[in-house]
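Biologist: Hi, could you walk me through this one? I'd like to start with the ligand and then wander a bit.
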Amino acid sequence: MDAKATNQEEIARLTERVRQLLKEKNAVMLAHNYQPPEIQDAADMCGDSLELSIKASKTGAQVIVFAGVHFMAETASILSPQKTVILPRENAGCPMADMIDPQALAKRKEELPGVPVVTYVNSPAAVKALTDVCCTSANVVKVINSIEGSEVLMAPDKNLAMFASRQSDKKIHIWEGCCPYHDALTPQDILAAKEKYPNAVVMAHPECRPEVIDMADAALSTSGMLAYPDSSDAEVFIVGTEVGILHPLKKRHPNKIFVPASEKLLCQDMKRITLLDVISSLENMTGVVKVPEEIRIPALSAVEKMTQYVN
Ligand code: 13P
Ligand code: SF4
């Protein structure tokens, strides 16, 4: 028997155990579109940050296993305080979310009195607590344009803020944060990919730099990217986001070809959780993420508003 077949058998065995435990514990497993293939395949639902937040707020299950990164589990805890939210690997964080903290945001707010704050969901719960409305890449433009007044402070992703500012008349004050992986994608990377695949369509995530987005045919959240090939005649797509998305893209569009815009688009944190971690955290009910009430209550309205702006 070859190594691949053995590996597939092992994945099938572990997946069965995950599914059995989810049933036993009255749990639901949510996975972000960047998670490893076997994690996405074992989950009840995969999606982008907005879809997963909505799903987490609506599930009837008592336990939510969040296969993603820490801020996603925190968001689920903010929306569902009565449920047990589990992040199977404690150290699955988000470098962009670490580029802001409540003290720094409070200081910036003092410098911009009365200016509403829109915070990308990729941020710590304590930052959300100081926020007027949260947003994701799927609804950022709607959220920004829903804000009263002519100025907005947007944190922590400078690229997402620039993306929104190009589609809004508001003056947007930018925070100097970014996703290190998306921000590393350059126009030269896109040119190199286009040279290899001249007829390909380019999709880029709004976390990419403006000069990269300018070269793309579409700037989309991860779920936007999953749907986009349905309305395109193109056969080949250059994918300007984290490489985990290639798995659901290939599954949903088996007759199309998807190539990463760069090998640099590999988020270490999104690859931490394994099936064994999911099993162990469910067996022992470990990895619980609970946002304390003094942070959760002020963060709740900003997160709830975000879930109302869907496409
Ligand atoms: P979306 O799936 O919401 O597009 O988010 C991308 C992301 O960076 C999550 O970490
Ligand atoms: Fe954070 Fe970027 Fe990783 Fe998403 S891909 S979790 S924004 S570091």
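Biologist: Where does ligand 2 sit?
Modeller: Happy to help, and please keep in mind that this is a predicted model. Ligand 2 is placed in the largest cavity.

Biologist: Nice. Which residues are around ligand 2?
Modeller: Around ligand 2 you find Tyr34, Cys94, Pro95, Met96, Asn122, Cys179, Tyr181, Glu207, Cys267 and Met270. By class, that shell has eight nonpolar residues, one polar and one charged.

Biologist: And how much space lies in the largest cavity?
Modeller: About 270 Å³. Its lining is made of 28 residues.

Biologist: Which of the lining residues lie nearest the centre of the largest cavity?
Modeller: Those are Tyr34, Phe71, Asn122, Glu207 and Met270. You can spot Tyr34, Asn122, Glu207 and Met270 in the shell around ligand 2 as well.

Biologist: How does the lining of the largest cavity split by class?
Modeller: There are 15 nonpolar residues, ten polar ones and three charged ones.

Biologist: Which helix gives the largest share of that lining?
Modeller: That would be α9, with three residues. Helix α9 covers 180–183, and α3 (49–58) and α4 (70–79) also supply at least two residues each.

Biologist: How many cavities of 30 Å³ or more does the structure hold?
Modeller: Two. The second largest has about 50 Å³ of space.

Biologist: What lines the second largest cavity?
Modeller: Ser49, Leu52, Ser53, Phe66, Phe71, Met72, Thr75 and Val121 do. Five of the lining residues are nonpolar and three are polar, with no charged ones. Helices α3 and α4 turn up again, each supplying at least two residues of this lining. Phe71 is worth a look on screen: it lines the second largest cavity, and it is also among the residues nearest the centre of the largest cavity.

Biologist: While we're at α4, is alanine 73 buried or exposed?
Modeller: Alanine 73, which has its place in helix α4, is at 0% relative accessibility, so it counts as buried. In space, its C-alpha is 7.0 Å from that of isoleucine 86, and the two are 13 residues apart in sequence.

Biologist: Let's switch to pockets. How much space lies in the second largest pocket?
Modeller: About 170 Å³. The residues lining that pocket are Asp189, Ala192, Ala193, Lys196, Tyr197, Val259, Pro260, Ala261, Ser262 and Glu263. Two or more of them come from each of α10 (187–196) and β12.

Biologist: Which element gives the most to that lining?
Modeller: It's α10, with four residues. By class, the lining of the second largest pocket has six nonpolar residues, one polar and three charged.

Biologist: Last topic, aromatics. How many aromatic pairs does the structure hold?
Modeller: One. The partners are phenylalanine 237 and phenylalanine 258.

Biologist: Why is that pair called stacked?
Modeller: The ring centres of phenylalanine 237 and phenylalanine 258 are 5.3 Å apart and the planes are at 25 degrees, so the pair is stacked. The cut-off for stacked is planes under 30 degrees apart.

Biologist: Which strands hold the two rings?
Modeller: Phenylalanine 237 is in β11 (residues 236–240) and phenylalanine 258 is in β12 (residues 257–260). The pair links distant parts of the chain, with the two positions 21 residues apart in numbering. Both phenylalanines, 237 and 258, are buried.

Biologist: Great, that gives me plenty to look at. Thanks!

Notes: Residues numbered from 1 in each chain as written. Chains lettered and ligands numbered in written order. Predicted model: local features only at pLDDT ≥ 70, side-chain atom pairs only at ≥ 80, totals over all residues. Heavy atoms only, no water. 1 Å grid on protein atoms, 1.4 Å probe; cavity = no way out; pocket = protein on both sides within 12 Å on 5 of 7 lines; lining within 4 Å. Points joined across faces, edges and corners; volume = space filled by probe spheres on them. Nonpolar A, V, L, I, M, F, W, Y, C, P; charged D, E, K, R; others polar. Phe/Tyr/Trp six-rings, centres within 6.5 Å; stacked < 30°, edge-to-face > 60°. Buried < 20%, exposed > 50% of the residue type's maximum accessible area, 1.4 Å probe, protein only. Near = heavy atom within 4 Å. Sits in = over half its atoms within 2 Å of the grid points.
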